[in-house]
Amino acid sequence: MKFIETRGNDGVKSKEVSFSEAILSPMASFGGLYSPKTLPDFGEEFLKAHIDSTYKELAKDVLKAFEIDIEDELIEQALERYDEFDDSENPVPVVKVKDDLYISELYHGPTRAFKDMALQPFGVILSKLAQKRGENYLIMAATSGDTGPATLETFKNKDNIKVCCLYPDGGTSDVQRLQMVTEDAPNLKVIGVKGNFDDTQEALKSLLASEEFNKALKEKNIKLSAANSVNFGRIIFQTIYHIYSYLALVRDGAVEFGKKIYLIVPSGNFGNALGAYYVKKAGVPIEKILIASNSNSILTEFIEEGRYDLRDRELIKTKSPAMDILKSSNVERILFDKFGAVRTKELMESLNNNGFYELTKEELKEIQSDFSATFTNDEESMKEIVQFLNENYLMDPHTATCIKAYREKREKMLPTVAYSTAEWTKFSPSIANALGLLAKNDKEALNLISQKFNVKIPHKIGILFDKKIAHLKIVEKFDIMREMLDFLEK
Ligand SMILES: *Cc1c(COP(=O)(O)O)cnc(C)c1O
């Protein structure tokens with residue numbers, strides 16, 4: 001399968017590229033993204049053949065159906081990363097919580113959030129490709145929480161790849177920070193930055209644009225790549241579990257084979273939802289994809305009204321920080337898929353230059369044939385967490401944003417899968433607070449909740465508080481470059 005560019009071709013880059021090219025050098029013409037030229041068929045025949053497949057068997061055939069230029073052996077090696085999840089036989093439990101509501105738990109990997117679903121296997125593929133080509137890559141990420149730990153975890157001790165994560169000092173939870181700063185390997189660097197997440201992201205942008213830095217990289221023969229959520233190497237692994245969810249409901253007798261279900265996706269950068277869109281288009285019986293947001297409700301406005309408008313918005317810090325996003329990058333791939341490159345370029349340029357774009361009525365109708373959306377504020381989310389605990393299900397604040405969509409956005413009473421994107425252990429202080437438990441810090445909140453509700457704290461989270469800190473550096477923005485150059489010297 002080939003990949004083409006969402007904003008058209010500039011005459012310099014190739015008009016279409018292979019999967020491996022798209023993931024190693026994800027920057028397309030005019031600031032666009034690479035998107036698949038065609039999609040596989042995941043309709044009746046494919047689904048029938050996989051009703052009883054394990055997650056890994058299904059994953060292998062999904063990747064094969066995309067006809068990517070990655071050898072079977074490497075695909076298998078990548079998928080072995082799912083063996084490190086809690087239950088290697090069933091890495092993604094789909095749990096029934098009400099008669100017509102299932103929760104697909106995407107957080108059973110090593111860093112306890114859904115980023116592992118894609119970053120774990122993606123890391124194996126990217127580093128092997130780099131080794132085969134004899135190339136060295138630097139991956140830099142500014143993170144406010146979940147991407148950092150998952151990126152470090154997947155690339156640690158991998159040849160030909162160096163990773164640097166920048167996080168805002170004081171801007172992550174204790175657990176998220178400890179997951180990063182205790183990750184000790186010679187190819188990893190973690191730097192705390194004085195300032196908030198926006199400052200950190202800004203600092204990374206100016207570093208990547210700096211001539212001095214790029215010259216240093218060139219001299220050391222290091223190429224820049226990215227593992228962010230627009231990399232198609234991540235998106236492809238985020239199609240598998242949507243198919244798996246459908247099959248799990250069929251197996252459980254919740255839906256008759258061929259009949260439709262709803263999916264509810266707690267969304268930020270829209271990577272998870274994009275995976276759902278592709279499998280819907282490829283033939284999986286999905287009535288609609290319901291997009292859940294927090295108070296940063298820009299996606300709700302876009303899907304319900306057809307307007308993507310940054311002008312009057314400021315980022316609101318919420319208790320579901322992984323969804324605190326205003327520029328939701330993967331929406332661009334939906335625009336491209338529906339309206340083509342010329343229109344996508346026009347819309348994205350309007351967003352960059354004027355801070356907004358607006359769809360036509362016909363275009364909005366197109367979007368609404370696949371999506372519907374709503375948002376939930378912190379107070380409402382916390383209430384849902386408490387309510388579900390009464391029914392013995394403990395969910396994190398990101399997952400809790402799904403519940404309003406379940407209650408209000410379904411036009412038909414079809415069986416529904418909501419995605420749980422993080423384990424409660426990553427956001428325990430918010431949950432303790434909602435439950436009226438007094439906790440001074442993450443450690444206390446974890447222990448209180450675990451005792452009160454008789455839930456386990458996974459070993460990997462429990463030991464964080466006693467692990468040696470490997471990365472102590474907290475620097476001003478202007479010191480990041482020096483830190484990086486020192487790191488690359490080693
Ligand atoms: C990244 C993340 C999201 C948002 O996913 P997108 O694919 O960016 O929409 C939601 N919840 C959690 C816990 C996350 O880490």
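Which residue has a backbone N or O atom 2.7 Å from an oxygen atom of the ligand? Select G268 to see this atom pair. The model is a predicted one, and the tour starts at its ligand.

**The ligand and its shell**

Next, select N269: a polar backbone atom of this residue is 2.8 Å from an oxygen atom of the ligand. Then add G271, where a backbone N or O atom lies 3.1 Å from a ligand oxygen. With the ligand displayed as a surface, consider its cover: on its own the ligand has 380 Å² of accessible area, and the protein covers 97% of this.

Now extend the selection to the 15 residues that surround the ligand. K115, D146 and T421 belong, with G268 and N269, to the closest of them. Colouring the shell by residue class gives six nonpolar, seven polar and two charged residues.

**The parallel sheet**

Turn to the strands and select β8, β5, β6, β7 and β15, which in that order form an open sheet with parallel pairing. At the edges stand β8 (222-225) and β15 (474-475); each has a single partner strand, so one side of each is left without a neighbour in the sheet.

To inspect one of these edges, select β7 (residues 188-193) together with β15: the two strands run parallel and are joined by two bridges. Zoom in on V193, whose bridge partner in β15 is V475.

**The helix on the sheet**

Finally, select helix α5 (residues 115-133), which packs on the sheet. Helix α5 touches β5 (136-142), β6 (161-168) and β8. Viewed against β6, the direction of α5 makes an angle of about 140° with that of the strand.

Conventions. Residues are numbered from 1 along each chain as its sequence is written. This is a predicted model: local features need pLDDT of at least 70, side-chain atom pairs count only at pLDDT 80 or more; totals for chains, interfaces and linings use all residues. Side-chain values use heavy atoms; hydrogens and water are left out. A residue is near a molecule or strand if one of its heavy atoms lies within 4 Å of it. A polar contact is a pair of N or O atoms within 3.5 Å; within protein, one must be able to donate a hydrogen and the other to accept it, and residues adjacent in sequence count only if both atoms are side-chain atoms. Accessible areas come from the Shrake-Rupley method with a 1.4 Å probe; for residues, only the protein chains shown count as cover. Ala, Val, Leu, Ile, Met, Phe, Trp, Tyr, Cys and Pro count as nonpolar, Asp, Glu, Lys and Arg as charged, and the others, Gly among them, as polar. Two strands pair if DSSP finds at least two bridges between them. Helices (H or I, at least four residues) and strands (E, at least two) are DSSP runs, numbered from the N terminus. Contact means heavy atoms within 4.5 Å. Axes are lines fitted to C-alpha atoms, for helices over the stretch in contact, and angles run from 0 to 180 degrees between N-to-C directions.
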